[in-house]
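Subject: Structure handover

Hi,

As promised, here is the structure I have been going through. Have a look at it first, and then read my notes underneath.

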Amino acid sequence: MKLHWSPSSPFVRKVMVCAHALGIDDRIACERSPVGPARLNDAVMADNPLNKIPTLITEQGMALYDSRAICEYLDDLAGGAILFPAAGPERWQALAWQCLADGLIDVAVLRRDEYYRGEGHRSPAHYHAFKTKMAAALDAMEAAVPALERGGLTIGTISIGVALAYLDFRPPGEEWRDGRLALANWEAEFARQPAMLAAPFPDEGGAPKQFPFYKIE
């Protein structure tokens, strides 16, 4: 299989963590594929008209895109019902956590993009809304820690672990751990999962941050 890939994409990392957890990472060839809102990549667009990563080309030549579909496909390929519970409350909880984590990443990206619009172009109302949504999502994760601790390794816990790591990789301007001790402790433990260690962001492990902190009051 071929994966259109970037080492800094949180959604690509989620796919690769799942692949390592499932033991099928050796079946995926990662192809460096730079893309952006205004950076079109012909190779990516040939497989995904939305010009987004991750995009997976299966062994049968089918193109799959969006990390949610790709991760579920990999789970099925590895035998099914491994990271995605088969049915019942456990499945819906894992999927809900995945959506919460993915949404947190989406809002963090929107918030950063709003900041980089520069003075005179930013919308303070939008920026405040993004910041408020991020805090609310993190508070919901803090409240869910007892369930996360019981949840084991699923698409839900992987998604939350990757989302929290992304907030360290692309800092949002305040410390997400403040006032969320249970979530901070859970993340520190979950970050030691072998699959998480096997697919890190490129500057994890104490290296300098690549982007500055940003804050608008």
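Below is what I found, going from the whole chain down to single residues.

Before anything else, please keep in mind that this is a predicted model.

**The chain as a whole**

There are nine helices and four strands here. From start to end, the order of elements reads β-α-β-α-β-β-α-α-α-α-α-α-α. The C-alpha trace spans about 50 × 45 × 35 Å along its principal axes. I also checked the radius of gyration: a compact globule of 217 residues would come out near 17 Å, and the chain has 17 Å, so the two agree.

As for packing, 45% of the 217 residues are buried. If you take contacts between residues at least 6 apart in sequence, 69% of them join residues at least 24 apart. The accessible surface is about 10600 Å², with 57% of that area belonging to carbon and sulfur atoms. On charges, I get 22 positive and 28 negative side chains, and the centres of the two sets lie 4 Å apart.

**The annotated N-terminal part**

UniProt, in an unreviewed entry, lists residues 1-82 as "domain: GST N-terminal". In the model, that stretch is 37% helix and 17% strand. The C-alpha atoms at its two ends are 20 Å apart.

**Backbone oddities**

Most peptide bonds are trans, and most residues other than glycine have a negative phi. With that in mind, three spots are worth a look.

- The peptide bond from isoleucine 53 to proline 54 is cis, its omega being near 0°. Proline 54 sits in the loop between α2 (42-47) and β3 (55-57).
- Asparagine 51 is not a glycine, yet its phi is positive, near 60°. You will find asparagine 51 in the loop between α2 and β3. Its relative accessible area is 6%, so asparagine 51 counts as buried, the cut-off being under 20%.
- Aspartate 66 has a positive phi too, about 85°, without being a glycine. Its place is the loop between β4 (63-65) and α3 (67-77). At 43% relative accessibility, aspartate 66 is partly exposed, because that value lies between the 20% and 50% limits.

**Two residues to click on**

Start with arginine 39, in the loop between β2 (29-32) and α2. With a relative accessible area of 52%, arginine 39 is exposed, since the limit for that is over 50%. Leaving out residues up to four places away in sequence, arginine 39 touches Pro34 and Asn51. The second of those partners, Asn51, is the residue from the list above with the positive phi. If you want a distance to check on screen, arginine 39 and proline 10 are 18 Å apart from C-alpha to C-alpha, with their positions 29 residues apart in sequence numbering.

Then go to serine 159. Is it buried or exposed? Serine 159 is buried, as its relative accessible area is 1% and anything under 20% qualifies. Serine 159 belongs to helix α7, which covers residues 155-169. What is serine 159 in contact with, leaving aside neighbours within four places in sequence? The partners are Lys14, Trp97, Gln98, Ala101 and Asp102. One of them, Lys14, falls in the stretch 1-82 that UniProt lists as the GST N-terminal domain.

Over to you now, and do write back if anything looks odd on your screen.

Best wishes

Terms used
Residues are numbered from 1 along each chain as its sequence is written. This is a predicted model: local features need pLDDT of at least 70, side-chain atom pairs count only at pLDDT 80 or more; totals for chains, interfaces and linings use all residues. Side-chain values use heavy atoms; hydrogens and water are left out. The radius of gyration is taken over C-alpha atoms; the globule rule is 2.2 Å times the number of residues to the power 0.38. Buried means under 20% relative accessible area, exposed over 50%, partly exposed in between (1.4 Å probe, protein chains only). Contact means heavy atoms within 4.5 Å. Accessible areas come from the Shrake-Rupley method with a 1.4 Å probe; for residues, only the protein chains shown count as cover. Lys and Arg count as positive and Asp and Glu as negative; His and the chain ends are not counted. The place of a charge is taken as NZ of Lys, CZ of Arg, CG of Asp or CD of Glu. UniProt positions are given in the numbering used here, feature names are shortened, and annotations may be inferred rather than shown by experiment.
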